[in-house]
Amino acid sequence: MTASDRMPDRTATGGHMLVAHRVVFSLGSNLGDRLDNLQEAVDALFDAPGLEFVACSPVYETAPFAPPGETLPEQGDYLNIVVVADTRLAPENLLERVLNIENSLRRVREVRWGPRTLDIDIVVFGDISSDNPDLTLPHPRAHERAFVLVPWADIEPDVLLPGHGRVGDLAEAKQAEGGPSAVRRRDDLTLQQPA
Ligand SMILES: Nc1ncnc2c1ncn2[C@@H]1O[C@H](COP(=O)(O)OP(=O)(O)OP(=O)(O)O)[C@@H](O)[C@H]1O
Ligand SMILES: Nc1nc2c(c(=O)[nH]1)N=C(CO)CN2
């Protein structure tokens, strides 16, 4: 974590922050019952205390995407969503919750850029920036990804992705590129919001 982190907000016990932070998650699945995997993940994220639901994007169907030059193994399309929440959890506690949920969904991912039952990325955590490889914030590849930007723009178009610009503008530019990064909204697929 860098000096711009919100360390001073953190209470001495329990790994909580004094101030709530807006957090943005990107969720994706391209193995098994993809919609079910996303629903289970959303439910699990909000089942435990510490995370307050704000908004969930529509569901998008997206072609598997890897950065230029990376080998993309043969795999099916993803369903992707973006979820926004407020939290007083400390970043490392939220990451632990995310990793536990991925494990509990018996995540399968044997190769880099390979298919997976569930992937959850923390895209931004308030205005915290960190180059810790265990939790890099904002997520270092979010700005390249239509499957993050386009769903996110549906719910928070005016938010800024630090270092890159307004989410609505970034999403529009990505959609205009088309090609392998094109994403398709699936209004026939819906998720239940957490209670
Ligand atoms: N912002 C972040 N959100 C989630 N995990 C992160 C983040 N920054 C670093 N990590 C670390 O990344 C590891 C998981 O990486 P993973 O294998 O899921 O990458 P990937 O999904 O293949 O690729 P990508 O990170 O580009 O989405 C976790 O162990 C976690 O500690
Ligand atoms: N379309 C799509 N492509 C991906 C995704 C994803 O969620 N959707 N996740 C990746 C690793 O996080 C790599 N590539």
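Here are four short exercises, with worked solutions, on a predicted model of a protein chain with ligands.

**Exercise 1. Work out how the chain is laid out: how many helices and strands does it have, and in what pattern?**

Start with the tally: the protein chain has four helices and ten strands. Next, walk along the sequence, and you get β-α-β-β-β-α-β-β-β-α-β-β-α-β. Then look at the contacts with a separation of 6 or more: 70% of them join residues 24 or more positions apart. Finally, check burial: 35% of the 195 residues are buried.

**Exercise 2. Take the largest nonpolar core apart: which residues touch the most other members, and which elements feed it?**

First, the hubs. The core has 48 residues, and Phe25, Ala41, Val83 and Leu149 touch the most other members. Second, the elements giving two or more residues to this core: the strands are β1 (16-29), β2 (51-56), β4 (78-89) and β5, and the helices are α1 (34-47), α2 (91-104), α3 (146-155) and α4 (167-177). Third, zoom in on one hub. Leaving out residues up to four places away in sequence, Val83 touches Phe25, Leu27, Val42, Leu45 and Cys56. Phe25 is itself one of the hubs. As background, nonpolar side chains in soluble globular proteins tend to be buried together.

**Exercise 3. Compare the shells around the two ligands: which residues line them, and how do they split by class?**

Begin with ligand 1. Eleven residues surround it, with Asp121, Ile122, Asp134, Thr136 and His139 coming nearest. The elements that give two or more residues to that shell are β5 (119-125) and β7 (135-137). By class, the ligand 1 shell holds four nonpolar, two polar and five charged residues.

Now ligand 2. Its surroundings include the run Thr62, Ala63, Pro64, Phe65 and Ala66. The rest of the list is Gly28, Tyr78, Asn80, Trp113, Asp119 and Phe147. Here the class split is seven nonpolar, three polar and one charged.

**Exercise 4. Decide where to trust the coordinates: which element has the lowest mean pLDDT, and which stretch falls below 50?**

Go from global to local. The predictor gives the complex an ipTM of 0.97 and a pTM of 0.91. The protein chain averages a pLDDT of 88, and 88% of the residues score at least 70. Among the elements, β1 has the lowest mean (91), while strand β9 (residues 165-166) has the highest (98). The pLDDT is below 50 over residues 1-13, a stretch with 20 contacts in the model beyond near neighbours in sequence. Low pLDDT means the predicted coordinates should not be read in detail.

Note on methods:
Residues are numbered from 1 along each chain as its sequence is written. Chains are lettered from A and ligands numbered from 1 in the order in which they are written. This is a predicted model: local features need pLDDT of at least 70, side-chain atom pairs count only at pLDDT 80 or more; totals for chains, interfaces and linings use all residues. A residue is near a molecule or strand if its C-beta atom, placed from the backbone, lies within 6 Å of it. Ala, Val, Leu, Ile, Met, Phe, Trp, Tyr, Cys and Pro count as nonpolar, Asp, Glu, Lys and Arg as charged, and the others, Gly among them, as polar. A residue is buried if 20 or more other C-beta atoms lie within 10 Å of its own, exposed if 12 or fewer, and partly exposed in between; C-beta atoms are placed from the backbone. Two residues are in contact if their C-beta atoms, placed from the backbone, lie within 7 Å. A nonpolar core is a set of buried Ala, Val, Leu, Ile, Met, Phe, Trp, Tyr and Cys residues joined through C-beta atoms within 7 Å. pLDDT is the predictor's confidence in each residue, from 0 to 100.
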